[in-house]
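Colleague: I'd like to go through this model with you and hear the reasoning behind the labels. Can you put it up?

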Amino acid sequence: MSRNTPEYIRKRAGEGAAPRKGIRAVGFLGRLPAYRKHPASLAAALATHLGAAVTVLVLGFLIVYILAKGIPNLKPEMFSPTYTSDNQSMLPAILNTCTMTLLSLLAAVPFGIGSAVYLAEYAPKGSGLVRLVRMTTETLQGIPSIVYGLFGKLLFSDALHFGYSMLSGGLTMAIMILPLIMRTTEEALLCVPDMYREGSFGLGAGRLRTVMRIVLPTAVPGILSGIILAIGRIVGETAALMYTSGTVAQAAGLFDSGSTLALHMYKQASEGLYTRQAYATSVVLLALVLVINFVSGRIARWITKGRQTHDQQV
């Protein structure tokens with residue numbers, strides 16, 4: 001096994017650690033005797049379980065409601081290649097959604113991960129620049145999407161003369177998801193134990209090699225979790241895209257105006273003439289999000305498994 005592989009460094013970093021005994025999990029009922037002595041802990045536990053139950057019930061109700069309203073209204077003509085007022089086809093919107101997601105990720109992911117690596121690995125700890133960037137990032141996450149839409153319209157559509165196009169919408173969405181990717185990636189990098197870095201430095205590896213071969217592969221699951229959240233925001237966005245990509249129901253090119261699936265559903269519901277088709281569109285949108293999350297999760301496991309297999313072979 002090579003001395004600079006993650007498996008070797010993790011093994012060396014874990015040497016000398018005391019063996020940990022197994023911890024027996026105790027359920028809620030098993031803790032009741034202890035809760036009698038601490039009523040505040042009992043109240044906190046009940047509130048936690050109640051909150052989890054309410055969350056699951058609300059989510060289940062929404063999914064069942066969408067499926068019950070949308071599945072009966074799904075028709076084959078709604079997947080026609082060309083949109084008309086009669087068939088209300090959503091296939092062009094599905095293609096535009098995939099295009100918008102790809103453009104946004106291509107523009108945001110490299111800058112987001114690179115910025116997070118600098119803040120977590122290279123910037124001086126506790127410096128004013130790091131605090132400023134983190135505060136700015138957290139502030140940008142709370143800005144309403146309509147503000148991003150107006151900014152994208154003024155900058156990309158008007159100043160750069162991109163007009164209402166997929167490019168304007170993709171760049172606007174990239175700016176919107178950039179803070180999310182930065183923060184999640186930085187937190188994933190900070191969760192990597194320092195003993196991994198110290199073990200790599202002790203074996204003679206430089207900072208760049210340590211980051212690329214040890215830190216980033218270990219933080220891949222957390223990074224991909226942030227990317228999945230960003231994909232969900234792109235797929236469900238409407239306000240920012242109305243001002244940048246437009247609402248034309250056609251399969252759009254890079255410099256053409258096109259409507260995403262969420263915008264397509266919004267138009268159907270707001271006009272009041274195609275409410276049933278809007279429910280059907282919501283089912284497809286829900287399925288699209290589930291498929292994207294499933295594929296992203298499989299890719300994350302494939303990358304992690306491939307990295308572990310490579311390290312074992314080396």
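Modeller: Let's start with a definition: a salt bridge is a side-chain nitrogen of Lys or Arg within 4 Å of a carboxyl oxygen of Asp or Glu. This is a predicted model, and a search of the whole structure finds seven salt bridges.

Colleague: What makes Arg 197 and Glu 121 a salt bridge?

Modeller: Their side chains meet at 2.7 Å, N to O, and the cut-off is 4 Å, so the pair counts. Arg 197 sits in helix α8 and Glu 121 in helix α4, 76 residues apart. Both Arg 197 and Glu 121 are buried.

Colleague: And why is Glu 186 called buried?

Modeller: Glu 186 has 1% relative accessibility, and buried means under 20%, so the label fits.

Colleague: Which residues does Glu 186 pair with?

Modeller: Arg 134 is one partner, with the closest N and O atoms 2.5 Å apart. That pair ties together parts 52 residues apart in sequence, because Arg 134 lies in helix α5 and Glu 186 in helix α7. Arg 183 is another partner, at 2.8 Å. Arg 183 and Glu 186 are three residues apart in helix α7, so about one helical turn separates them. Arg 134, Glu 138, Arg 183, Glu 186 and Glu 187 are linked in a network of salt bridges.

Colleague: Why is Arg 134 called partly exposed?

Modeller: Its relative accessible area is 27%. Partly exposed runs between the 20% and 50% limits, so Arg 134 belongs there.

Colleague: What about Phe 61, why is that one exposed?

Modeller: Phe 61 comes in at 55% relative accessibility, and exposed means over 50%, so it qualifies. Phe 61 is in helix α3 and helps make a nonpolar surface patch of about 580 Å², together with Leu 50, Val 54, Val 58, Leu 62 and Tyr 65.

Colleague: How do you know that Ile 94 is buried?

Modeller: The value for Ile 94 is 16% and the limit is under 20%, so buried it is. Ile 94 is in helix α4 and touches Phe 79, Leu 261 and Val 284, leaving out residues up to four places away in sequence.

Colleague: Which residues have the most contacts inside the largest nonpolar core?

Modeller: Leu 105, Met 173, Ile 177, Leu 189, Ile 227 and Leu 261, in a core of 48 residues. Helices supplying at least two residues each include α4, α7 and α13.

Colleague: Last one: how many disulfides does the search find?

Modeller: Zero, across the whole structure.

Methods. Residues are numbered from 1 along each chain as its sequence is written. This is a predicted model: local features need pLDDT of at least 70, side-chain atom pairs count only at pLDDT 80 or more; totals for chains, interfaces and linings use all residues. Side-chain values use heavy atoms; hydrogens and water are left out. A disulfide is a pair of cysteine sulfur atoms within 2.5 Å. A nonpolar core is a set of buried Ala, Val, Leu, Ile, Met, Phe, Trp, Tyr and Cys residues joined through side-chain atoms within 4.5 Å. Buried means under 20% relative accessible area, exposed over 50%, partly exposed in between (1.4 Å probe, protein chains only). Helices (H or I, at least four residues) and strands (E, at least two) are DSSP runs, numbered from the N terminus. Contact means heavy atoms within 4.5 Å. Patches are made of residues with over 30% relative accessible area and no salt bridge: like charges are joined within 9 Å, nonpolar side chains (Val, Leu, Ile, Met, Phe, Trp, Tyr) within 5 Å. Accessible areas come from the Shrake-Rupley method with a 1.4 Å probe; for residues, only the protein chains shown count as cover.
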